[in-house]
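Student: I should like to learn how cavities and nonpolar cores are read from a set of coordinates. May we take one example and work through it?

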Amino acid sequence: MLALILLLVGLLAWPQALRADAGPAAGSAAGAVSLPALFEQALAASRDGRFGEALPLWDRVVDLAPEDASAWSNRGNVQLALGDARAAIADQDKAIELEPASADPHLNRGTAEEALGLWSAAAADYQWILERNPEDASALYNLGNVEGSRGDWPAARACFEAAAAARPGFAMARSSAALAAFQLGDTTVAEKQMRDLIRRYPLFADARAGLTALLWRRGARGEAESHWAAASGLDPRYRQEEWLLQIRRWPPVPVQALAQFLALAS
């Protein structure tokens, strides 16, 4: 999964060109929900995280509009959220077949491929996007996660830094770049980046947890405990080593440092 923790990154609205002339769903009884309305219901359920409710709605949409690439891609995102990465990839494949030039299905398929550990396939999807738009921040960030998963932290750091430069305010990309710097031993830069993030986003748990690990590693226990009190209150998942490695996708050195801090501070 992505470091953004299974956010649905490519939910697409009902195509504007179809809104005006789309009547009631084909074959439906009088008064039945129109296809655009059904699409919006499915989209709302997806955005709200009601994935079990969203999936049958998307099933109906793709049955009624099998040539609508956005419906297939959106259903693929829901399939992934429900834990079926292979079904998600199949849906994104269909969306790409219908709209070969669209970036969103490639981004979404890459996310599903990451969930299966298919790093080369995911990287190929992100690189396809970057060949056409070198400043696509989402593709850069996701590629950074792939490079980290393959153990290439210099490449991961470069991707995270490029993502942060491409999208000002992309706090998670900046935090991931700082964590990659920590992994590579560039702790002075990592500390500065984390402190800058905390000043700008005081409630950003990732930077506070990362700074906790870094401060602990260099022996500043008191300040580490202060940042940890804030981080753990904001998001208790940072206590979970498996979550950090597998879902948030922190590098191993910061994870080990935070685990040591927690073991001795408890």
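Tutor: On a 1 Å grid over the protein atoms alone, a cavity is a set of points where a 1.4 Å probe fits but cannot get out, and lining residues have an atom within 4 Å of a point. Grid points are joined across faces, edges and corners, and a volume is the space filled by probe spheres set on the points. This model is predicted, so local features need pLDDT of at least 70 and side-chain atom pairs pLDDT 80 or more, while totals for chains, interfaces and linings use all residues. Residues are numbered from 1 along each chain, and side-chain values use heavy atoms, without hydrogens or water.

Student: How many cavities of 30 Å³ or more does a search of the whole structure find?

Tutor: The search yields one, with a volume of about 40 Å³. Its lining includes Asn 145, Trp 153, Arg 248 and Trp 250. Helices H9 (153-166) and H10 (171-183) each give two or more residues to that lining; helices are DSSP runs (H or I, at least four residues), numbered from the N terminus.

Student: Which residues of the largest nonpolar core touch the most other members?

Tutor: Such a core joins buried nonpolar residues (under 20% relative accessible area, 1.4 Å probe, protein chains only) through side-chain atoms within 4.5 Å. Among its 57 residues, they are Phe 182, Trp 228, Tyr 238, Trp 250 and Leu 258. H10 supplies the largest share, nine residues. Domain 1 (36-133) and domain 2 (136-265) both contribute, so the core lies between them; the bounds come from an automatic or database domain assignment.

Terms used:
On a 1 Å grid over the protein atoms alone, a cavity is a set of points where a 1.4 Å probe fits but cannot get out, and a pocket is an open set with protein on both sides within 12 Å along at least five of seven lines; lining residues have an atom within 4 Å of a point. Buried means under 20% relative accessible area, exposed over 50%, partly exposed in between (1.4 Å probe, protein chains only).
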